[in-house]
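Grab a pencil and work through these exercises with the model open beside you. Each task comes with a solution you can follow step by step.

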Amino acid sequence: MNVNEKGNVGLIKVMSDLYDKGYHCFTPFDDFSPVDLIAMDKQGNIKRLQVKYRSLLPSKGRYELAARSMVNKESKDIDRTLIDGWAVYLEEEKKVTYLPVTIMEGKGVHYIKPGEVEEIW
């Protein structure tokens, strides 16, 4: 799977997970939005999410999440003031974990251990 296909699979998995949890999901009109997905619960509370698809790094035994995104084949910093967190599809575990934007304070990379689940709500 290429990067675009992984991104689409990650988005579909996250949307399915959120739907099962009772959320409505909205995607941006274009590829240049600072968020990949907006999720709204039944009370109208909104979460602005960056969606990532991650595979386990065999040499490290963990998943890696960077505070950067690829836009037009260029690596670009994510403006963390415009998101509430990340929704990360963990390929080998076949599940989604939700990480708050504060997880990246003071660092550019966060590691997720297999079995580790963090929720932003």
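**Exercise 1. Is K107 buried, partly exposed or exposed, and what is its relative accessible area?**

Before you start, note that this is a predicted model: local features need pLDDT of at least 70, side-chain atom pairs count only at pLDDT 80 or more, and totals for chains, interfaces and linings use all residues. Residues are numbered from 1 along each chain as its sequence is written, and side-chain values use heavy atoms, with hydrogens and water left out.

Step 1: get the cut-offs. Buried means under 20% relative accessible area, exposed means over 50%, and partly exposed is in between (1.4 Å probe, protein chains only).
Step 2: apply them. The relative accessible area of K107 is 37%, so K107 is partly exposed.
Step 3: find its place. K107 sits in the loop between β8 (95-100) and β9 (109-112).
Step 4: check a distance. From C-alpha to C-alpha, K107 and M40 are 28 Å apart in space, and 67 residues apart in sequence.

**Exercise 2. Work out which elements the chain has, and in what order.**

Step 1: know what counts. Helices (H or I, at least four residues) and strands (E, at least two) are DSSP runs, numbered from the N terminus.
Step 2: count them. The protein chain has one helix and nine strands.
Step 3: read them off. Starting at the N terminus, the order is α-β-β-β-β-β-β-β-β-β.

**Exercise 3. Test the overall size against the globule rule.**

Step 1: set up the rule. The radius of gyration is taken over C-alpha atoms, and the rule is 2.2 Å times the number of residues to the power 0.38.
Step 2: compare. A compact globule of 121 residues would come out near 14 Å, and the protein chain has 14 Å, so the two agree.
Step 3: picture the box. Along the principal axes, the C-alpha atoms fill roughly 40 × 30 × 30 Å.
Step 4: look inside. Of the 121 residues, 29% count as buried.

**Exercise 4. Which residues touch the most other members of the largest nonpolar core?**

Step 1: define the core. A nonpolar core is a set of buried Ala, Val, Leu, Ile, Met, Phe, Trp, Tyr and Cys residues joined through side-chain atoms within 4.5 Å.
Step 2: name them. Of the 14 residues in the largest core, L65, I83, W86, V88, L99, M104 and I112 touch the most other members.
Step 3: trace the strands. β4 (63-66) and β7 (85-90) each supply at least two residues of this core, and the largest share, three residues, comes from β7.
Step 4: look for another one. A second, separate core of twelve residues includes Y23, V51, Y53 and Y98.
Step 5: put it in context. In soluble globular proteins, nonpolar side chains tend to be buried together.

**Exercise 5. Find what Y111 and L57 touch, skipping neighbours within four places in sequence.**

Step 1: set the limit. Contact means heavy atoms within 4.5 Å.
Step 2: take Y111. This residue is in strand β9, and its contacts are K60, R62, Y63, E64 and E116.
Step 3: add its exposure. Y111 has 30% relative accessibility, so it counts as partly exposed.
Step 4: take L57. You'll find L57 in the loop between β3 (46-54) and β4, touching R62 and E64.
Step 5: add that exposure too. With 28% relative accessibility, L57 counts as partly exposed.

**Exercise 6. Where is K94, and what is its phi near?**

Step 1: locate it. K94 is in the loop between β7 and β8.
Step 2: read the angle. Phi of K94 is near 55 degrees, a positive value in a residue other than glycine.
Step 3: classify it. K94 has 60% relative accessibility, so it counts as exposed.
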